[in-house]
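Work through the exercises below with the sequence and the model open. Each task is followed by its solution in steps.

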Amino acid sequence: MSLPRLWSGQDLDPFLAMRREMENVFRAFDQKPSTGIGAGAPAISVAETNDAFEVTAELPGVDEKDINVSLDDNQLVISGEKSAESTKEEKDWHVEERSYGSFYRSMLLPFEPEEEAVVAHFDKGVLHLTIKKPAKAVKTTKTISIKTGAPPSASPVSNKPAEPGKAA
């Protein structure tokens, strides 16, 4: 009597099949989302300076009036809608295309910005945000002086051997 085979054909090795499936999953993560349907999540870049965070978001084809920037405590939210319409009339063809979609991107800041601390500019499809750090969040560097010699002892330690039955 022979046992039934769980793996047939080229998948005789279950580990090889599992590896192939895992590679397919990771390959799917590497693919960029399609921008033809909806607007997706805009690409953002974040840079930190001594006194501010600088955020840029790529929003090609989006009108300034369709972008919303908000702060909810220490969460920065960039959202909006993108719409595009095109019409082509050639010979006997009449083609109209429309695409609509919303986008949303949020990030937590390591501090709660003060009022009027966020400045936004929109130029050529790129949103530029500058978020000033509050005074308490600005890092300061202090130099510590190093002294030579052994550190002072708070309680002098005796070199006498302890008596039996008593703690030193």
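**Exercise 1.** Which backbone oxygen lies 3.1 Å from a polar atom of the side chain of K133? Place K133 in the chain and decide whether K133 is buried or exposed.

*Solution.* The model is predicted.

Step 1. Locate the residue: K133 sits in the segment that follows β7 (126-132).

Step 2. Look around its side chain. The backbone oxygen in question belongs to T49. The side chain of K133 also makes a polar contact of 2.6 Å with the side chain of E48.

Step 3. Apply the cut-off for burial, which is under 20% relative accessible area. K133 has a relative accessible area of 12%, so K133 is buried.

**Exercise 2.** Describe how strand β1 and strand β2 pair, and find the residue of β2 that stands opposite I44.

*Solution.*

Step 1. Set the limits: β1 covers residues 44-48 and β2 covers residues 52-58.

Step 2. Give the pairing: the two strands run antiparallel and share five bridges. Three residues lie between β1 and β2, and the two strands form a hairpin.

Step 3. Read across from I44: the residue opposite is A57 in β2.

**Exercise 3.** Give the strand order of the open sheet that contains β4, and name its edge strands.

*Solution.*

Step 1. The order is β3-β4-β5, three strands with antiparallel pairing.

Step 2. β3 (67-72) and β5 (93-108) each pair on one side only, which makes them the edge strands.

Step 3. From one strand to the next, the twist averages 10°.

Step 4. Examine one pair: β4 (residues 75-90) and β5 are joined antiparallel over 16 bridges. K88 stands opposite V95 in β5.

Conventions
Residues numbered from 1 in each chain as written. Predicted model: local features only at pLDDT ≥ 70, side-chain atom pairs only at ≥ 80, totals over all residues. Heavy atoms only, no water. Pairing = 2+ DSSP bridges. Helix = DSSP H or I, 4+ residues; strand = E, 2+ residues; numbered from the N terminus. Axes fitted to C-alpha atoms, helices over the stretch in contact; angles between N-to-C directions. Buried < 20%, exposed > 50% of the residue type's maximum accessible area, 1.4 Å probe, protein only. Polar contact = N/O pair within 3.5 Å; in protein donor to acceptor, adjacent residues only side chain to side chain.
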